[in-house]
Amino acid sequence: MGDVSLSGVSVLARLAADGPESPTSLADMERVRPQAMASTLAMLEQRGLVRRTPDPEDGRRSSMAITEEGRAMLAERRSDSVHRLWAALDEFTPEERAALASALPLLARLAERL
């Protein structure tokens, strides 16, 4: 399947969590221009990671959904990240890991605002 960009992974994660969305909505949520989203979605669609479905009420519009192949790729990518994270955390002392854990709620709040 080849490597998928970070923006592609972000779109896959959003579709996996929130369900189908229009390309326009995805562009708004990802804070990118519609043209950039169209490019990302075309790459994901070409690789079979997302599926485009015409809007039943307006044939000019479409909805994007993650495919089973997209879910599998996302799970594999997350698994790789978890393994890298655990390996990196092994190099920290218990006190340093506790300090990182205590910072997680603050980092989550920061991420929500970005």
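This passage looks at two helices and one residue in a predicted model.

Helix H3 comes first. Running over residues 34–46, H3 has 13 residues, and from its first C-alpha to its last it reaches 18 Å. That is close to the 18 Å expected at 1.5 Å a residue. Five names make up its buried set: Met37, Thr40, Leu41, Met43 and Leu44. Looking down the axis of H3, these buried residues fall within an arc of 160°, so they line one face of the helix. A bit of background helps here: an α-helix has 3.6 residues a turn, so residues three or four places apart point the same way.

What sits over that buried side? The cover includes helix H1 (6–18) and helix H2 (23–30), along with strand E1 (50–54) and strand E2 (62–66). Flip to the face of H3 turned away from the buried side, and the exposed residues Gln35, Ser39 and Gln46 show up. After H3 comes Gly48, which has a positive phi, near 80°.

Helix H5 spans residues 94–113, and its 20 residues should cover 28 Å at 1.5 Å a residue. The end C-alpha atoms of H5 are 30 Å apart, which agrees. H5 isn't straight, though: there is a bend of about 40° at Leu104, and the proline Pro105 follows within four residues.

Last up is Asp18, which has its place in helix H1. Is Asp18 buried or exposed? Neither label fits, because its relative accessible area is 47%, while buried means under 20% and exposed over 50%; Asp18 is partly exposed. Its C-alpha lies 9.6 Å from that of Ala65, although the two residues are 47 residues apart along the chain.

Notes. Residues are numbered from 1 along each chain as its sequence is written. This is a predicted model: local features need pLDDT of at least 70, side-chain atom pairs count only at pLDDT 80 or more; totals for chains, interfaces and linings use all residues. Side-chain values use heavy atoms; hydrogens and water are left out. Helices (H or I, at least four residues) and strands (E, at least two) are DSSP runs, numbered from the N terminus. The expected span of a helix is 1.5 Å times one less than its number of residues. Buried means under 20% relative accessible area, exposed over 50%, partly exposed in between (1.4 Å probe, protein chains only). The arc is that of the directions from the helix axis to the C-beta atoms. Contact means heavy atoms within 4.5 Å. The bend at a residue is the angle between axes fitted to the seven residues ending there and the seven starting there.
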